[in-house]
Amino acid sequence: MRRLAVAALTAVTAAGALSGCGGEGNWATKCTTTNMVVECAAAERPLVSGVTGELLDGAAYDLAADRGKVVVVNFWGSWCAPCRAEADDLEKTYQATKDSNVTFLGVNTRDDRDSAKAFERGYKVTYGSVYDFEGRVGLKFDVTQSAVPSTLILDRQGRIAAAIRRSTTNGELQPLVERIAAEAAG
């Protein structure tokens, strides 16, 4: 019975975190949202820290090692039809922006490793993905990630500059990434 009570309390706590209840609330309310794209002024950008995990290839990942780069983080699952639809656009944006000190990170959620690896091979995804079956890595990015697919763009200081709360396209994502990459570091 005690395990059931602990499990229920954990579920309620997680639901509160995802819905923005408690604490300081949802950071995105301080930003501008248009068509499910959230853009934050530099002074309103929340810092992301403590993001670590294991990549699908077994290597360790630490977001802190990418400080100084623009980091595009895409939350996906092989079971997700919109994720499959946007995979080519994400790869195109990655290839077009990586020389501007931009990197991409996938966060695979609610998936088994074999399906996730097959997805990356099949869609020719060349950037790494953290395996996050339980959603623990996703929680480190705060309340934005209650839907899959979702994409975050972190500025060079590791702050969330933009969030796309749905699938995206190269035509939408690339200009947004380029604009954030062109910002002066500081």
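This passage describes the central sheet of a predicted model, the helices packed on the sheet, and selected charged side chains.

The sheet is open and comprises seven strands, arranged in the order E1-E2-E9-E8-E5-E6-E7 with mixed pairing. Its edges are occupied by strand E1 (32-34) and strand E7 (129-132); each has a single partner strand, so one side of each is left without a neighbour in the sheet. On average, and with direction ignored, neighbouring strands are turned by 20 degrees against each other. At the E1 edge, three bridges connect E1 with strand E2 (residues 37-39), and the two strands run antiparallel. Within this pairing, Thr33 has Val38 of E2 as its bridge partner.

Two of the helices were examined with respect to the sheet. Helix H3 (residues 113-122) packs on the sheet through contacts with strand E5 (70-76), strand E6 (102-109) and E7, and the direction of H3 makes about 125 degrees with that of E5. Helix H5 (residues 170-181) lies across five strands of the sheet, namely E2, E5, E6, strand E8 (150-154) and strand E9 (160-164). Relative to E9, helix H5 runs at about 175 degrees.

Nine salt bridges are present in the structure. In one of them, Arg45 is paired with Glu183, with 2.8 Å between the closest N and O atoms. This pair links distant parts of the chain, since Arg45 belongs to the loop between E2 and strand E3 (52-54) whereas Glu183 belongs to the segment after H5, 138 residues apart. The two partners fall into separate accessibility classes: Arg45 is buried, at a relative accessible area of 11%, while Glu183 is partly exposed, at 30%. Arg45 and Glu183 also belong to a network in which salt bridges with shared partners join them to Asp155 and Arg159.

A salt bridge is likewise formed between the side chains of Glu54 and Arg113, with an N to O distance of 3.3 Å. Because Glu54 is located in strand E3 and Arg113 in helix H3, the pair ties together parts of the chain that are 59 residues apart in sequence. Glu54 is partly exposed, with a relative accessibility of 37%, and Arg113 is also partly exposed, with a relative accessible area of 28%.

A further salt bridge is found within helix H2 (residues 81-97), where Asp88 and Lys92 are four residues apart and therefore separated by about one helical turn. Their side chains meet at 3.3 Å, N to O. Asp88 is partly exposed at 42% relative accessibility, and Lys92 is partly exposed at 45%.

The position of Asp89, which also lies in helix H2, was considered separately. Asp89 is buried yet takes part in no salt bridge. The nearest side chain of opposite charge is that of Lys92, at a distance of 5.0 Å, and this separation exceeds the 4 Å limit for a salt bridge. A polar atom of the Asp89 side chain does, however, lie 3.1 Å from the backbone nitrogen of Asn170. When neighbours within four places in sequence are left aside, the contacts of Asp89 are with Thr168, Thr169 and Asn170.

Definitions and conventions
Residues are numbered from 1 along each chain as its sequence is written. This is a predicted model: local features need pLDDT of at least 70, side-chain atom pairs count only at pLDDT 80 or more; totals for chains, interfaces and linings use all residues. Side-chain values use heavy atoms; hydrogens and water are left out. Two strands pair if DSSP finds at least two bridges between them. Axes are lines fitted to C-alpha atoms, for helices over the stretch in contact, and angles run from 0 to 180 degrees between N-to-C directions. Contact means heavy atoms within 4.5 Å. Buried means under 20% relative accessible area, exposed over 50%, partly exposed in between (1.4 Å probe, protein chains only). Lys and Arg count as positive and Asp and Glu as negative; His and the chain ends are not counted. A polar contact is a pair of N or O atoms within 3.5 Å; within protein, one must be able to donate a hydrogen and the other to accept it, and residues adjacent in sequence count only if both atoms are side-chain atoms.
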